[in-house]
Every structure is written in C-alpha cells, then in structure tokens.
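Biologist: Hello! I am new to protein structures and would like to learn how to read one. Could you take me through some features step by step?

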Amino acid sequence: STNSSGVQTWKTSGACTVKSETVTTAASGTCKLTVRVASIRSYATRVFTKSLSITPAQPASVTASGCASSYKFVDLSSAPGPGSGYAKPKVTASCANGTLTVTSNDMIGYTFVSKTPNGLKEQAFTWKVTTSPKIAASETSIENQLGTLAFTVTGIPIYGPTEGPVPQDQAFGDPVYNNILDSCKGHTGYASDYHYHAILAINDCYLNETIIGYANDGFPIYSNPGYKYVSGYTKIGDPKSYSWKAYTYTAGNSNTLDKCNGRTDESGNYRYYITEAFPYVIGCYKGTPTSQVGKAAAPMVMKLSTFVCEL
C-alpha cells in the first residue's frame with residue numbers, strides 16, 4: 001500500500017502473470033512481482049520487488065483402514081471425475097492379516113481425453129499385495145507381461161512400457177515414445193479400461209503423494225521430485241516397436257536406479273521410483289509378485305482382425 005497517487009505499473013516474471021492488479025500464479029514455482037510507483041509532486045519514484053514461492057496444494061489423503069500410516073490413498077470424493085456421463089471414481093483400501101486389499105472402479109479424477117479408439121467404462125478391480133514385501137533371490141522379468149504390474153493410490157492400473165501387437169507398425173512398442181498417452185500418461189485399452197504406462201506425480205493427475213502406488217510384489221512406488229533418481233536404461237534402437245529391444249541397462253552413479261527401476265533406502269527398505277525415461281515405472285519385479293485374480297489378473301486385451309479369402 002502507498003499514500004502516493006503516482007501511477008502504478010505491475011510486472012511479473014516466473015510462474016505468474018498479472019492483469020491490472022490481479023496476479024495469477026501457476027500451480028508451483030517462483031513468481032517475481034515488481035511494482036513501480038511513478039514520481040508525483042514531492043514523492044520520488046519507488047520500485048518494490050518481491051519473490052513469492054508457490055507451493056501446490058496437496059490432494060487430500062486418507063490412511064487405508066487397518067493399515068500402517070504410510071498406506072495413504074487419495075481422497076477422490078470431491079474430484080470432478082472423467083466428465084459428464086461417466087461414473088465418479090471409487091476406491092477403497094484396507095489391511096488385514098499382512099495383506100493390502102484395494103478395490104477400484106477404474107474411474108479417473110480428471111477429465112477423460114480419448115487417445116485410442118476405445119471408450120472408458122467402469123471396471124471391477126480388486127488387488128491384493130503383501131504388506132511385508134521381501135527382495136527375492138532373483139528378479140522377475142516383466143518384458144513379455146502385457147497387463148497390470150502395479151496400481152496407483154487413486155486406484156488405476158499401471159502397465160509396463162510396452163503396448164500390444166497392434167497396430168502392426170507399433171507392435172510391442174513404447175507408448176510414451178509413440179505419443180499415444182494423455183497428459184497424465186494414461187489411455188484406455190480394448191476393454192475400455194484406463195491404465196498408465198508412465199506416471200506424472202502432479203496435482204492435475206491427483207498423484208503428488210510421496211508414495212504413488214504399489215507393485216504386485218508389495219513394494220511401494222515413490223514419486224521422484226526433480227527426477228533426482230534416473231533410469232539406467234539407454235536407447236540403442238527404435239522404440240516405435242519392440243521397445244525392450246530398443247533399450248539396454250547399464251549401472252551408473254549413486255543416483256542411477258537398478259534394473260528394476262528402484263533402490264534400497266537408508267533404512268534398508270526397497271522402493272521403486274517413477275522416472276522420465278524408460279521404463280518409466282517398473283523395469284522388473286524386485287520381489288515376488290502376487291498372482292491377482294479376476295479382472296485385476298486379466299492380460300492386456302487385443303482385438304485382431306480376421307480376414308477370409310475366397311479363391
């Protein structure tokens with residue numbers, strides 16, 4: 001505030017804009033605000049500058065019933081959902097006898113944007129994973145697994161970095177590389193089921209919690225602020241098709257994740273991390289995966305055309 005009637009000029013830089021005297025900020029970042037008050041009568045020109053740190057609001061979360069406090073799931077009760085004509089998201093989570101049980105109708109909290117020819121329909125998923133995961137004697141490959149490897153704390157399946165055999169020119173290709181995912185890195189399959197192939201831990205996707213999901217082996221999947229931890233996979237071919245043949249793993253420095261895209265923390269607990277680069281979420285199972293049942297166990301469904309030739 002000022003008792004000068006000199007003309008005020010407002011300017012911003014960084015994660016904000018200004019119109020008249022209203023400042024609009026981005027979801028996060030730093031906004032630099034400068035106000036210039038012109039000289040008038042006995043008042044000299046004055047310039048005031050202030051930097052504002054913008055912290056995004058965290059989606060509300062609840063601890064799963066009967067679980068340790070670390071098992072937090074996003075409260076989607078006030079989320080707008082996929083849009084008009086779609087059901088609102090429903091997710092439940094509970095722990096009993098060393099098992100985490102999660103049910104979901106597979107509805108997202110944000111507007112559905114079609115990126116495939118498939119629609120979006122409610123599903124009936126139930127996942128069960130151990131709450132005491134252990135590193136297995138050997139890793140389990142996910143290279144040929146087309147289907148759910150993990151699930152988010154918003155009740156959405158997580159697939160691997162591989163699509164199915166169609167279209168033929170992108171058979172088993174990298175869906176991130178082929179740009180067939182929406183802004184939250186998901187899309188729908190032939191069963192009209194929504195799933196992720198990569199993860200963005202941002203407010204718009206309702207995923208900015210520290211733990212964004214759990215793999216079928218029970219180990220947690222962590223967000224990766226600033227992508228401090230990096231994938232050890234390097235592109236050596238064309239990921240448009242057969243993505244696993246287009247990348248190779250090489251161990252790097254202390255910030256490079258292992259072949260499964262995870263690491264052991266200071267307390268000796270293993271965790272996966274999301275990364276910008278392939279394999280994006282999970283590169284292999286570090287523990288022993290639980291065999292799911294029902295729709296949660298279904299492989300990626302493919303529709304292949306049948307041709308009849310008459311001679």
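Biologist: Where does asparagine 105 lie?

Modeller: Happy to help, and please keep in mind that this is a predicted model. To place a residue, look for the elements before and after it. Asparagine 105 lies in the loop between strand S9 (99–104) and strand S10 (125–130).

Biologist: Is asparagine 105 buried or exposed?

Modeller: Here we need a cut-off: a residue counts as buried when its relative accessible area is under 20%. Asparagine 105 has a value of 6%, so this residue is buried. Across the protein chain, 44% of the 311 residues count as buried.

Biologist: Which residues does asparagine 105 touch, not counting residues up to four places away in sequence?

Modeller: They are Ala87, Lys88, Pro89, Lys90, Glu122 and Gln123. Two of these names come back when we look at polar atoms. The side chain of asparagine 105 has a polar atom 3.0 Å from the backbone nitrogen of lysine 90. With glutamate 122, asparagine 105 makes a side chain to side chain polar contact of 3.1 Å.

Biologist: Now for strands. In what order do the three strands of the open sheet come?

Modeller: Reading a sheet means following the strands from neighbour to neighbour. Here the order is S1-S4-S5, with antiparallel pairing. Strand S1 (8–14) and strand S5 (46–54) are at the edges with a single partner strand each, so each has one side without a neighbour in the sheet. On average, neighbouring strands of this sheet are turned by 15 degrees against each other, ignoring direction.

Biologist: How many bridges link S1 and strand S4?

Modeller: Seven bridges, in the antiparallel sense, and strand S4 covers residues 29–37. If you want to find the pairing on screen, try threonine 12, which stands opposite leucine 33 in S4.

Biologist: And how do I read a hairpin?

Modeller: Look at the two paired strands and then at the residues between them. Strand S2 (residues 16–19) pairs with strand S3 (residues 22–25) in the antiparallel sense over four bridges. Lysine 19 stands opposite threonine 22 in S3. This hairpin has two residues between its strands, and serine 20 takes a positive phi near 60 degrees.

Biologist: Stepping back, how many helices and strands does the protein chain have?

Modeller: There are zero helices and 22 strands. The C-alpha trace spans about 95 × 60 × 45 Å along its principal axes. Finally, consider contacts between residues at least 6 apart in sequence: 57% of them join residues at least 24 apart.

Terms used:
Residues are numbered from 1 along each chain as its sequence is written. This is a predicted model: local features need pLDDT of at least 70, side-chain atom pairs count only at pLDDT 80 or more; totals for chains, interfaces and linings use all residues. Side-chain values use heavy atoms; hydrogens and water are left out. Two strands pair if DSSP finds at least two bridges between them. Axes are lines fitted to C-alpha atoms, for helices over the stretch in contact, and angles run from 0 to 180 degrees between N-to-C directions. Buried means under 20% relative accessible area, exposed over 50%, partly exposed in between (1.4 Å probe, protein chains only). A polar contact is a pair of N or O atoms within 3.5 Å; within protein, one must be able to donate a hydrogen and the other to accept it, and residues adjacent in sequence count only if both atoms are side-chain atoms. Contact means heavy atoms within 4.5 Å.
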